[in-house]
Structure formats: structure tokens, C-alpha cells
Amino acid sequence: MTTETMTIREMCDAFDVTARTLRFYESKELLAPIRQGQKRLFTNRDRARLKLILRGKRFGFALEDIRQLLNLYETGDPGNTQLERAYELADERLTQMLQEREKLETAIKDLRNHMDRAKRVMSEKQAETID
């Protein structure tokens with residue numbers, strides 16, 4: 001986008017989010033659009049932050065974790081503080097996701113076994129009815 005600011009509608013269209021979502025992130029102080037009366041104008045900074053928020057949400061990060069990462073960026077720390085913290089959070093989240101996947105795979109296998117048993121019982125009962 002070459003425009004300096006975007007309206008809430010333009011942001012919604014560009015990022016496939018609702019106005020309610022943008023207002024929610026604003027209320028949580030994750031976004032800080034320029035206010036002109038009731039009108040909100042989102043800057044390049046807001047767009048960059050929204051991209052990071054949406055990516056963080058897609059990965060399952062809590063909003064508080066996302067806020068901390070965004071705030072680290074705002075401090076202008078020339079070191080790797082933000083990158084290190086992002087890596088730590090990503091590592092923790094990946095571990096959680098792998099554990100969740102393992103539990104889900106076990107549940108899927110168990111459900112399939114139950115369904116297979118139920119199917120056999122139904123087939124047996126149907127065969128008895130036919131005889």
C-alpha cells in the first residue's frame with residue numbers, strides 16, 4: 001500500500017478482518033489508529049502491527065504474548081531482545097502444538113477403533129435380521 005493511512009473499511013478489506021476485530025485490538029492497545037472524531041485512520045505502523053498480531057494468533061499465541069513482543073519492538077532495543085523472546089515463545093508454542101497433535105492423533109485412533117467396532121456390530125445385527 002502506498003497510501004499513508006487507511007480507513008477501518010480499507011483495513012478490513014485488506015486483512016480480511018471485521019471492524020469489531022480492529023476495535024477490539026485497539027481497545028487492548030495493540031493498535032493505535034489516528035482518531036478524527038469517530039473516524040479511525042490506520043498508519044503503516046498499525047498495518048505492520050496487525051500483520052504480526054494475525055500471524056501470532058494463527059500460531060496460537062496469547063494476546064498478552066503478542067503485546068509483549070510488539071512492546072519490545074517499540075523500545076527500539078538495537079539488540080536481539082525481541083527476536084530472542086519471539087524465539088522462546090515460538091519454541092514453547094511449538095512444544096504445545098506437538099503435544100496437542102499427539103493427543104489428537106491418539107483420540108482419532110481411538111474413535112476410529114470404536115467406529116469400526118460399531119460398524120461390525122451393526123453388520124452382524126443386520127446379517128442376523130436377514131437370516
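**Close-up views of a predicted model**

**View 1. Glutamate 29 is an exposed residue with a positive phi.** With a relative accessibility of 63%, glutamate 29 counts as exposed, because that value lies over the 50% required for the term. The model shown here, as in every view that follows, is a predicted one. Glutamate 29 sits in the loop between H2 and strand S2, the latter spanning residues 34-36. Its phi is about 60 degrees, a positive value, although the residue is not a glycine. Most residues other than glycine have a negative phi. Glutamate 29 also belongs to the surroundings of arginine 67, which touches it.

**View 2. Aspartate 16 lies in the loop that separates helix H1 from helix H2.** Helix H1 covers residues 8-15 and helix H2 covers residues 19-27, with aspartate 16 placed in the loop between them. Phi of aspartate 16 is near 55 degrees, which is positive in a residue that is not glycine. The relative accessibility of aspartate 16 is 72%, so the residue counts as exposed.

**View 3. Arginine 67 in helix H4 makes a polar contact through its side chain.** Helix H4 runs over residues 63-74 and includes arginine 67. The partner in this polar contact is the side chain of glutamate 64, at 3.0 Å. When residues up to four places away in sequence are not counted, arginine 67 touches Lys28, Glu29 and Leu30, and of these residues Glu29 is the one featured in View 1, in the loop between H2 and strand S2.

**View 4. Glutamine 82 is a partly exposed residue of helix H5.** Helix H5 extends over residues 81-130, and glutamine 82 is found within it. Because its relative accessibility is 25%, glutamine 82 counts as partly exposed. Setting aside neighbours within four places in sequence, the residues in contact with glutamine 82 are Leu69, Leu72 and Tyr73. Alanine 107 is 25 residues away from glutamine 82 along the chain, and the C-alpha atoms of the two are separated by 37 Å.

**View 5. Arginine 55 belongs to helix H3 and is shown together with leucine 98.** Helix H3 is made up of residues 44-58 and contains arginine 55. Arginine 55 has a relative accessibility of 42% and therefore counts as partly exposed. From C-alpha to C-alpha, arginine 55 and leucine 98 are 18 Å apart in space, while in sequence they are 43 residues apart.

**View 6. The whole protein gives the setting for the close-up views, with five helices and three strands.** Read from the N terminus on, these elements follow the order β-α-α-β-β-α-α-α. Taken along the principal axes, the C-alpha atoms fill a box of roughly 80 × 35 × 25 Å, and the radius of gyration is 24 Å, whereas a compact globule of 131 residues would have a value near 14 Å. Buried residues account for 23% of the 131 residues, and the protein exposes about 10,000 Å², of which carbon and sulfur atoms supply 52%. Of the contacts between residues at least 6 apart in sequence, 49% join residues at least 24 apart. The protein carries 25 positive and 23 negative charges, and the mean positions of the two groups are 5 Å apart.

Terms used
Residues are numbered from 1 along each chain as its sequence is written. This is a predicted model: local features need pLDDT of at least 70, side-chain atom pairs count only at pLDDT 80 or more; totals for chains, interfaces and linings use all residues. Side-chain values use heavy atoms; hydrogens and water are left out. Helices (H or I, at least four residues) and strands (E, at least two) are DSSP runs, numbered from the N terminus. The radius of gyration is taken over C-alpha atoms; the globule rule is 2.2 Å times the number of residues to the power 0.38. Buried means under 20% relative accessible area, exposed over 50%, partly exposed in between (1.4 Å probe, protein chains only). Contact means heavy atoms within 4.5 Å. Accessible areas come from the Shrake-Rupley method with a 1.4 Å probe; for residues, only the protein chains shown count as cover. Lys and Arg count as positive and Asp and Glu as negative; His and the chain ends are not counted. The place of a charge is taken as NZ of Lys, CZ of Arg, CG of Asp or CD of Glu. A polar contact is a pair of N or O atoms within 3.5 Å; within protein, one must be able to donate a hydrogen and the other to accept it, and residues adjacent in sequence count only if both atoms are side-chain atoms.
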